Amino acid sequence: MIDKESRVPIYLQIEELLKQRIYLEEYKIGENIPSERELSEQLNVSRMTVRQSITNLVNNGLLYREKGRGTYVANPKLEQPLNGLTSFTEDMRARGMEPSSKLINFEKMIPPVDIARELQLEQDEYVFHVIRIRNADLKPMAIERTYIPVKIFPELDEKKIMGSLYALIEARSHQKIGNAIQQMEAAIVSKEDSKYLQISTSQAVLIIKRTSFLTDGVPFELVRSTYRADRYKFISEIKR
Ligand code: 16G
């Protein structure tokens, strides 16, 4: 099973083997895999090497560790298309999951100048600053920090924002959501967000910054969403 003469490093061979066992459902989603000690005996390799392979698979989101309990097979990452302007609520429902939010912050404020500029606001115009943890089936998937001009949505409050922002906007006859511009980058999670997302401080996140416009070209939100990189992958179709 493990070829010690091979030019392929042993830790990579172990990774491949574990991946195969997951693929063949020898190790099932949500179930414990054998301990490092058991695997090292089974494969006749050092425990250190087994640990390295497992750590790599944890970092790739295939496995997860639970303190004091062992290592488990993770759910496959959620595939998020990048070509439609959809909301978190729509995305989760489309996958048969139940979206929910935890409100961390809701305040009315004069935004920093760069935010005001991007939202095309004058110096004295207010925004709502909203921070929400977005859950799917009660598990944290992302944290969203959103600025919404008060003049666009004066009646927004702490209760309304617990539901879908896009559904609220589209329920009003005079406004329709048009388009958005997005940027994506990778980062290591901040200490604050690691708590919100329930991940360790060394883990990777994907950050998407989105500015969204109504059909008349007026910006209605500026959002910075931080996604768990172990729960998400983004896909897009590209044509030539
Ligand atoms: C998505 C959007 C975010 C929007 C939110 C509305 C990205 C990167 N972000 O998370 O900009 O504010 O959906 O969701 O996709 P809601 O309608 O469920 O409140």
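How many cavities of 30 Å³ or more does the structure hold? The structure, a predicted model, holds one such cavity. Its volume, as the largest cavity, is about 320 Å³. The largest pocket has a volume of about 740 Å³. The protein has seven helices and 10 strands, and strands contribute to the lining of both the cavity and the pocket.

**Overall build**
- The C-alpha atoms fill a box of roughly 70 × 45 × 30 Å along the principal axes.
- The protein has 240 residues, and 44% of them count as buried.
- For contacts between residues at least 6 apart in sequence, 57% join residues at least 24 apart.

**Surface and charge**
- The accessible surface comes to about 14,100 Å², and carbon and sulfur atoms account for 50% of that area.
- The protein carries 36 positive and 34 negative charges, and the mean positions of these two sets are 3 Å apart.

**The largest cavity**
- The volume of this cavity is about 320 Å³, and 26 residues line it.
- Thr86, Phe88, Glu144, Arg210 and Tyr227 are the lining residues closest to the centre of the cavity.
- Two helices are among the elements that each supply at least two lining residues: helix 4 (88-94) and helix 6 (165-170).
- The strands that do so are strand 3 (78-81), strand 5 (127-136), strand 6 (139-149), strand 8 (204-214), strand 9 (219-228) and strand 10 (232-235).
- Strand 9 provides the largest share of the lining, with four residues.

**The largest pocket**
- This pocket, of about 740 Å³, is lined by 31 residues.
- Nearest its centre lie Tyr64, Ala74, Arg228, Asp230 and Arg231.
- Two or more lining residues come from each of helix 3 (47-59), strand 1 (63-66), strand 3 and strand 6.
- Strand 1 gives the most to the pocket lining, with four residues.
- Strand 3 and strand 6 are listed for the pocket lining and also for the cavity lining.

**Threonine 146**
- Threonine 146 is found in strand 6.
- Threonine 146 counts as buried because its relative accessibility is 2%, and the cut-off for buried is under 20%.
- Beyond its neighbours within four places in sequence, threonine 146 is in contact with Phe128, His129 and Val130, and also with Glu221, Leu222 and Val223.
- Strand 5 (127-136) and strand 9 (219-228) span the numbers of these contact residues.

Note on methods:
Residues are numbered from 1 along each chain as its sequence is written. This is a predicted model: local features need pLDDT of at least 70, side-chain atom pairs count only at pLDDT 80 or more; totals for chains, interfaces and linings use all residues. Side-chain values use heavy atoms; hydrogens and water are left out. Buried means under 20% relative accessible area, exposed over 50%, partly exposed in between (1.4 Å probe, protein chains only). Contact means heavy atoms within 4.5 Å. Accessible areas come from the Shrake-Rupley method with a 1.4 Å probe; for residues, only the protein chains shown count as cover. Lys and Arg count as positive and Asp and Glu as negative; His and the chain ends are not counted. The place of a charge is taken as NZ of Lys, CZ of Arg, CG of Asp or CD of Glu. On a 1 Å grid over the protein atoms alone, a cavity is a set of points where a 1.4 Å probe fits but cannot get out, and a pocket is an open set with protein on both sides within 12 Å along at least five of seven lines; lining residues have an atom within 4 Å of a point. Grid points are joined across faces, edges and corners, and a volume is the space filled by probe spheres set on the points.
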